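Trainee: Please take one part of this model and go through it closely. I would like the strand pairing and the pocket treated in one connected account.

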Amino acid sequence: MTAPAHPALAPRILVADDQPDVVEALRLLLKGEGLQSDTASSPAGILAAVEQREYDAVIMDLNYTRDTTSGREGLDLLPRLQGIDSALPVIVMTAWGSIEGAVEAMRRGARDYVEKPWDNNRLLATIRTQLELARALRKSQRLETENKRLRGAQLPTLVAESRAMQPVKRQMERVAASEANVLITGEHGTGKEVVARWLHAASHKAGRPLIIVNAGGISETLFESELFGHVKGAFTDAKTDRIGCFELADGGTLFLDEIANVPMRQQAKMLRALENGEVQRVGSSRTVQVQVRVISATNAELARSVAEGTFREDLLYRLNTVEIHLPPLRDRREDIPLLATHFLRQQAERYGRGHVEFDGAAMQLLLEHPWPGNVRELRHAVERALLMAQGSVVRGEDLELRQKADGGGRLEEMTLEEVEQFLIRRALDRFDGNVSRAADHLGLSRSALYRRLQQYGIEG
């Protein structure tokens, strides 16, 4: 166990039982661990205490003097406590334990269940786990509240409390209201699109369009038409006029993901649009004036692409007036509990599952996993675990985190899909996210590789 905390900072726990010797034993146990405690001897006393102050956890008996066998008094109290404080972890205890009683207590809002007589080490471990999970949940709720306060409910939730993300947040806050073009860099799945959406929502252009373009997912033959539009008859399939993404984003923000994959032939036209605010539809001699803020993103090293002659240096200067680099998830592990809890609540709402939470073993696995796919991989893992979980608790085995620290594992122990994902990630890493070169290396067409990237949730 950790060293006792300073009294002013130590978690405060409400201990409730109608037997004074039980209350005293628990109080002394908690005191020895540096935890503060208050006591109550009845359901009414518990309610009064929780209404008067905020507690970090409650340890309460299910049976009281009016009804000493069924646990009904304690069970009826659980939803009332959740109504007062939805993030408050309640650990229930009873000498009349049963599987049915435990299931009913968890269904009504208890976070864990301990049968008397308790084991001190197990009880303390349960308390620590619930305190940590509750702390993460409260932080996540506070973040959402702060984001809503900034721009009503329009600002995307940004879960970033770790030390590594603090300079990123400060940089985002400073640059959001400006007209400066922003280049967001970072590994696959680090949340570049979330940052782009946040920057747009926090800017003066929030009421104008945000147009998102996956520059790596457009074939070279259609790229110019997609970005700049075309007029009827410009080429064989041009049956009608088409407005390009630059015009659609006029007055707002254009987010160009995978900017490193823009064909060299199109970079000059993009540079003109950025320098002069002028776009020209394919097949037209007329230029159209647009006012667009461009946010772009890449996992490639554009400086190396410039040196290799595959990316224009003058275009890079236009794109990265400000560069924001997102650290990988392995460098911001303090955010893993917050992110996992946030995703679990999102998915539980999506699938109509009600209140669901991680147990201590699951959270430990999440903290220890290397996350080669970063935040995107975490989100997919949480969704899969929720679908696998039975009841209101996600356990370690529900996560199915079988990858090893190198992001791979022994091939003979992997499924065919896992092998394919592993080889695709290796190829993308080898060619710095260049989808065309990775596809050639894997013996796939560019479109076939993109289908697999979408299927597996891999960012190219």
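Mentor: What follows covers one strand with its partners, and then the largest pocket. The model is predicted. Start with strand S6, residues 182-185. Its two faces are both covered: Val182 and Ile184 point to one side, Leu183 and Thr185 to the other, and all of these residues are buried, that is, under 20% relative accessible area.

S6 is paired with two strands. Strand S13, residues 293-298, runs parallel to S6 and is joined to it by 4 bridges. Strand S14, residues 322-325, is also parallel to S6, again with 4 bridges between them. Thr185 can be followed into both partners: in S13 it stands opposite Thr298, and in S14 its bridge partner is His325. Thr185 is thus a residue to look at when tracing the pairing, with Thr298 and His325 as its counterparts.

Now the largest pocket. Its space comes to about 820 Å³, and 35 residues line it. Those nearest the centre are Gly191, Glu193, Val194, Arg376 and Arg379. Several elements each supply at least two lining residues: helix H7 (192-201), strand S7 (210-214), helix H13 (336-350), helix H15 (374-388) and helix H19 (446-456). H7 gives the largest share, with 5 residues. By residue class, the lining divides into 16 nonpolar, 10 polar and 9 charged residues. Among the residues nearest the centre, Glu193, Arg376 and Arg379 belong to the charged class, while Val194 counts as nonpolar.

How values were computed
Residues numbered from 1 in each chain as written. Predicted model: local features only at pLDDT ≥ 70, side-chain atom pairs only at ≥ 80, totals over all residues. Heavy atoms only, no water. Buried < 20%, exposed > 50% of the residue type's maximum accessible area, 1.4 Å probe, protein only. Pairing = 2+ DSSP bridges. 1 Å grid on protein atoms, 1.4 Å probe; cavity = no way out; pocket = protein on both sides within 12 Å on 5 of 7 lines; lining within 4 Å. Points joined across faces, edges and corners; volume = space filled by probe spheres on them.
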